[in-house]
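Reader: I am new to this structure and would be grateful for a close look at one part of it. Please describe how charged side chains pair there, and how far each partner is open to the surroundings.

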Amino acid sequence: MQQDRSENRRREPDLGLDVLTAGLNARLADADARLVRDYPGSSGARQPVHTVYVPADRVRAGLVREWGEAALRSLDEYAPDAAALAAATGVDEDAVAGVLPRLRDKLVREPVEDLRVDLEDGYGDRGDAQEDSDTVAAARALCSDMEAGQAPPVLGVRMKGMEAAGRARGARSLALFLHTLLEERGGLPDGLALTLPKITSVEQVEAMVWLTEELERRLELPEGRLRFELQIETPQSVLLPDGTVAVARMIGAGQGRVSALHYGTYDYSAACGITAAYQSMAHPVADHAKAVMQVAAAGTGVWLSDGSTNVLPVGSAEEVRAAWRLHASLVRRSLERGFYQGWDLHPHQLPTRYLATYAFYREAFAPAAARLRAYLGAVAGGVLDEPATAQALAAALVSGVRCGALDEAEVADAAGTDTRTLVGLASRRVGQEQ
């Protein structure tokens, strides 16, 4: 009898957990759906390490190859060996020696990862006839390079924005650019990128959605084929008048078409009242804007890109090396802060772009691979990583492989798994079951 009473006391009480769970599911169904819709996570696609902006009238067939050749000549002239390049850039000499062969190979094989035909600030107002002609010629030059296998993985156009003075011209140039690509090649390249600048309202993003929908219909493209980047270069694209975060609203207003957020260093700094001498990617106003962008984009699958430095490696040897040192330090700073892409404006910036990027990923490689190996259970490790941290570690290794800083074989050997598994881990939504 005593035993029966003990068993009854140990028996789990009937609290109606099935009913409670059903109630919770019903209450949270809409929130669950919003989470899946608004925070899909990374697509797993390759993000370029930079975007090169070239005015439309200077875009010609063979341009990417010419940039690579010019970058190599600058290395030969101003830093012919690892010691000289380390002294010129401030990067550790051992790190330079370890990546220099990769860097030179990159400048031959794939000197530009993302090319944007610029019809905005770098081009200006040339009149309708000239812009029509330059837009078509630039699109044809890109098609020629695609046919020759010399085009970068990502390419596209920065149109004029949705401000009243430029919106008709921007829409016309975008339509001409797309029509020319279709006419010349019969389809759009996989790595097509469209950039919307000078955004001052959520409604302008909504208008860009409408424009892309209309162009898809008129050009007989699949629905959703045209996505676009938002250039965050005005205070109105960071905060709305009521203090809410504009850029988060803009991502939502894009209805899944927003692919990236690009910070515009000089327009934004000037709009915030920073005098020209102090406008920089490293200024506090830039860091604030980029931090807001970073939080708004987290988990959405929208890429982040830092801006540019207008201090170009040209002139005397001393001026080239000073500009290289600045550029290398800014690229490294961006990478450390989670901005894995930036802008380059001159061929001589390519050596320091890849030097700083490769050194960053080579430095991250061994500890990231060891921690992932422990996380995946291949070995015991001294750090207990969360799933979100493992995702970031995998993303770093995948990005290093894709840009050429790391080799697939060495990553697979060190991490104890193949690149395909790492891509899957890097693309998994934070919070998804592991």
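Author: In this predicted model, the side chains of Arg169 and Glu131 form a salt bridge, with a distance of 3.4 Å from N to O. The two partners come from distant parts of the chain: Arg169 belongs to helix α7, which covers residues 167-185, while Glu131 belongs to helix α6, and their positions lie 38 residues apart in the count along the sequence. Both Arg169 and Glu131 are buried.

A second salt bridge also involves these two helices. Here the side chains of Asp132 and Arg172 meet at 2.8 Å, N to O. Asp132 is in helix α6 and Arg172 is in helix α7, and the pair, 40 residues apart, again links distant parts of the chain. The two partners of this bridge may be set side by side. Asp132 has a relative accessible area of 16% and is therefore buried, since buried means under 20%. Arg172, with a relative accessible area of 43%, is partly exposed.

Just before helix α6 there is a further pair to consider. The side chains of Arg126 and Asp57 meet in a salt bridge of 3.3 Å, N to O. Arg126 sits in the loop between β2 (114-118) and α6 (128-148), and Asp57 sits in the loop between β1 (50-55) and α3 (63-78), so this salt bridge ties together parts that are 69 residues apart in sequence. Arg126 is partly exposed, at a relative accessible area of 35%, and Asp57 is likewise partly exposed, at 36%.

These pairs can be placed in the setting of the whole structure. The count of salt bridges comes to 36. Some charged residues join in a network of salt bridges, whose members are Asp118, Glu120, Asp121, Arg158, Lys198, Glu233 and Asp267. As general background, side chains of opposite charge can pair when their charged atoms come close.

One may also ask about cysteines. How many disulfides does a search of the whole structure find? The search finds 0 disulfides. Cys143 has a relative accessibility of 6% and so counts as buried. Cys403, at 2% relative accessibility, counts as buried too.

To return to the part requested, helices α6 and α7 are linked by the pair of Arg169 and Glu131 and by the pair of Asp132 and Arg172. In the former pair both residues are buried; in the latter, Asp132 is buried, whereas Arg172 is partly exposed.

Terms used: Residues numbered from 1 in each chain as written. Predicted model: local features only at pLDDT ≥ 70, side-chain atom pairs only at ≥ 80, totals over all residues. Heavy atoms only, no water. Disulfide = S-S within 2.5 Å. Buried < 20%, exposed > 50% of the residue type's maximum accessible area, 1.4 Å probe, protein only. Salt bridge = Lys/Arg side-chain N within 4 Å of Asp/Glu carboxyl O. Helix = DSSP H or I, 4+ residues; strand = E, 2+ residues; numbered from the N terminus.
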